[in-house]
Amino acid sequence: MVIDEKMATVKEIGEVARSAKLELSEEQLKLLSEQLNNTFSFFAKTDKWDAEKIQFDYHKNLTSLEHYHEDIVKPSLPQDTVLGMTRCKKNGSFEVPGIL
Amino acid sequence: MQLNELKAVDYLNMVKSREISVEEVVRDIFQQIDRIEHTLKAYLFINLEEALSEAKKMDRRIKDNDIPPLAGLPVAIKDNICIKGMETTCASRILKGFIPPYDATVTSRIKDAGAIIIGKTNLDEFSMGSTTKNSAFQVTLNPWDINRVPGGSSGGSAVTVASHETLIALGTDTGGSVRVPASFCGIVGIKPTYGRISRYGVISSSSSLDQVGILSKGVKDTAMLMNIISGYDPLDSTSSHISVPDFLLSCTGEGIKDLKFAVPKEFFKQELNIEVKERVADSLNKILKLGGEIEEISLPNLEYALSAYSIIAMAEASSNLAKFDGIQYGLRMEGSGDLEDMYLKTRSEGFGSEVKRRLILGTYFLSSGHYEDYYLKAKKIRNLIRKDFENIFQKYDLIIGPTTPIPPFEIEERIDNQLTMLLADTYTIPVNLAGLPALSINCGFTSKERLPVGLQIIGGPFQEEKMLRVAYNLEQELKEINTVEPNLLF
């Protein structure tokens, strides 16, 4: 695959930004598109790769994967403490703007 | 010598033998902070009143012969590690005002052992950077030359140690974030094996790469604090069950004649600064003098490490930072009335430009159609890099080389592309990809500007003892170098 095929358009970057829940002005979007396309060329090294036959696995240091234990219910943070970190709460719940 | 200049192990000996009081030391530290912090800007929060009150309490405990292991040891903590009741921001506007309702496991372990928290230190926002310039609140300066960066992302922690604004500090290391600032500030920095230290309560940047580390004034200090914070934690499913040795036993003067060292030729390529190369060569000669055996080796897949790291780190960050949406804590910006608009306004206002860039890239790498081309491929490259290291550690005890290819660079130096931005991390990133432990110690200075140069010692999984043994032996050989201090008369 050649890099040109990977060049992201301003429109595509705008859509990705929207999925990342980030709002950018037209100017920021254009600047970021240029930066991102420069960045993609940095990843061109990996194009030389034939990754088809290579496997991946997880950290081998994770000895916890060999140590299963029973689920034990322990006290959670009190509701007041959790709600104490937001100014928007109502009837013991987080308050958010309407979805519909 | 002022008491704030003490090494942590010397402090503990003197406090336990009642030669000095905890309060005296803590007061000297706050005097130093008062004198230089306005220039260096290493702390985001200074815990003055509580630390002094804790010091007085600790002195009373010591008087009553109730002496905990850390006996009031002053510790600075990177501001991405939670401390109950103390603001934790990750140097980001999006977390301004966030007061954690619980301690990170490393925090509770050092508190239980009697440490006193001096304050929270500056970092690149969400640990994204190698300079500590990417903080939303302030730029931290290098005490060896205030026109230069201290390295990052744990630059605040490194500066507090190097300038005696604390005795020891905690940081985190995702791609070199402890070792690079340790190298740039002339101190000791360790990134232990992935899983050695709990990450519970550490605000994640890239979960498969992050690890808590220690920044200290000496190898023994590092070993001492490793003893306190290492070990399995049921609250972190990635923490290891492997038993924790007494790391201080590695610092008893046992030689290194039985050890074989590998020097990767890839660490000595064109981009390596000539003076860094010379100082590292001096250290290799000292290892030979101490009886160590050195051979040149190759890590053939290293050239792909930066690309693989960037993809994995950004992809994981985009997922981890999705939770900062303004609902439960931190910044909340009201939009035009609907939920989607609130998310957009909050995150766009709360995150800095470098974080946004990485989140967008990370989202792109994980999106349908690009996942196989980038993320999956990066994970495969990571596996090959790990296998390269495994092969080396079948024949050699440790890998040794420079920590960074360059000495600390100027704050105003333009960083205009991804490659330059990651250049400082070139030799540290592969270690995180492979989940290995590594340590940086100061091995000398550049001749003209007198800037510190770091030597990196890399071990196999859970081989921190060997690393500490070599570092301790080298530290003894480099005693003259390690008595040189930054000129703090700003």
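Select S318(B) in this predicted model and display the residues around it. Leaving aside neighbours within four places in sequence, its contacts are L359(B), G362(B), T363(B) and L366(B). S318(B) belongs to helix α9 of chain B, which covers residues 305-320. With a relative accessibility of 11%, S318(B) is buried, because the limit for that class is under 20%.

**Helix α9(B) and helix α12(B)**

Extend the selection to the whole of α9(B) and add helix α12, residues 372-395 of chain B. The two axes come within 9 Å and cross at roughly 125°. α9(B) is therefore oblique to α12(B). The crossing by which α9(B) passes α12(B) is left-handed. On the α9(B) side, show A305(B), A308(B), I311(B), I312(B), A315(B) and E316(B) as sticks; on the α12(B) side, show Y374(B), Y375(B), A378(B), K379(B), I381(B), R382(B) and I385(B), since these residues make the contact. What is the chemical character of the residues in this contact of α9(B) with α12(B)? Ten are nonpolar, three are charged and none is polar.

**L361(B) in helix α11(B)**

Next, select L361(B), which is located in helix α11, residues 353-366 of chain B. Is L361(B) buried or exposed? L361(B) has a relative accessible area of 0% and is therefore buried. Outside the neighbours within four places in sequence, L361(B) is in contact with L36(A), T39(A) and F40(A) of chain A, and with M314(B) of chain B. Draw a distance between the C-alpha atoms of L361(B) and M314(B): the value is 6.6 Å, although 47 residues separate the pair along the chain.

**Chain A as a whole**

The contacts of L361(B) with L36(A), T39(A) and F40(A) lead to chain A. Colour chain A by secondary structure to find three helices and two strands. Followed along the sequence, these elements give the pattern α-α-α-β-β. Chain A has 100 residues, of which 31% are buried. Among contacts in chain A with a separation of 6 or more, 35% join residues 24 or more positions apart. A surface representation of chain A shows an exposed area of about 7,400 Å², with 53% supplied by carbon and sulfur atoms.

**S283(B) in helix α8(B)**

Return to chain B and select S283(B), in helix α8, residues 274-289. Its relative accessibility is 0%, so S283(B) counts as buried. Which residues does S283(B) touch, not counting those up to four places away in sequence? They are C443(B), L455(B) and L474(B).

**Backbone geometry in three loops**

The next stops concern the backbone. Most residues other than glycine have a negative phi, and most peptide bonds are trans.

Begin with the peptide bond from G152(B) to S153(B), which is cis with omega near 10°. S153(B) is in the chain B loop between β3 (116-121) and α5 (155-162).

Move to A71(B), in the loop that runs between α3 (48-63) and β2 (74-78) of chain B. A71(B) is not a glycine, yet its phi is positive, at about 35°. The relative accessible area of A71(B) is 0%, and the residue is therefore buried.

F462(B) also has a positive phi without being a glycine, with a value near 60°. To find F462(B), follow chain B into the loop between β11 (452-459) and α15 (464-477). F462(B) counts as buried, at 11% relative accessibility.

**Helix α7(B) and helix α15(B)**

Now display α15(B) together with α7(B); their axes are 9 Å apart and the packing angle is about 155°. The two helices are therefore roughly antiparallel to each other. From α7(B), V219(B), K220(B), T222(B), A223(B) and M226(B) meet E464(B), L468(B), A471(B), Y472(B) and E475(B) of α15(B). The residues of this contact comprise six nonpolar, one polar and three charged.

**Last stop: S237(B)**

Finally, select S237(B) in the loop between α7 (219-229) and β7 (260-264) of chain B. S237(B) has a relative accessibility of 58% and therefore counts as exposed. A distance drawn from the C-alpha atom of S237(B) to that of A182(B) gives 29 Å, for a pair 55 residues apart along the chain.

Technical notes:
Residues are numbered from 1 along each chain as its sequence is written. Chains are lettered from A and ligands numbered from 1 in the order in which they are written. This is a predicted model: local features need pLDDT of at least 70, side-chain atom pairs count only at pLDDT 80 or more; totals for chains, interfaces and linings use all residues. Side-chain values use heavy atoms; hydrogens and water are left out. Helices (H or I, at least four residues) and strands (E, at least two) are DSSP runs, numbered from the N terminus. Buried means under 20% relative accessible area, exposed over 50%, partly exposed in between (1.4 Å probe, protein chains only). Contact means heavy atoms within 4.5 Å. Axes are lines fitted to C-alpha atoms, for helices over the stretch in contact, and angles run from 0 to 180 degrees between N-to-C directions. Angles under 35 degrees count as roughly parallel, over 145 as roughly antiparallel, 65 to 115 as roughly perpendicular and the rest as oblique. A crossing is left-handed if the near helix is turned anticlockwise from the far one by less than a right angle, and right-handed if clockwise. Ala, Val, Leu, Ile, Met, Phe, Trp, Tyr, Cys and Pro count as nonpolar, Asp, Glu, Lys and Arg as charged, and the others, Gly among them, as polar. Accessible areas come from the Shrake-Rupley method with a 1.4 Å probe; for residues, only the protein chains shown count as cover.
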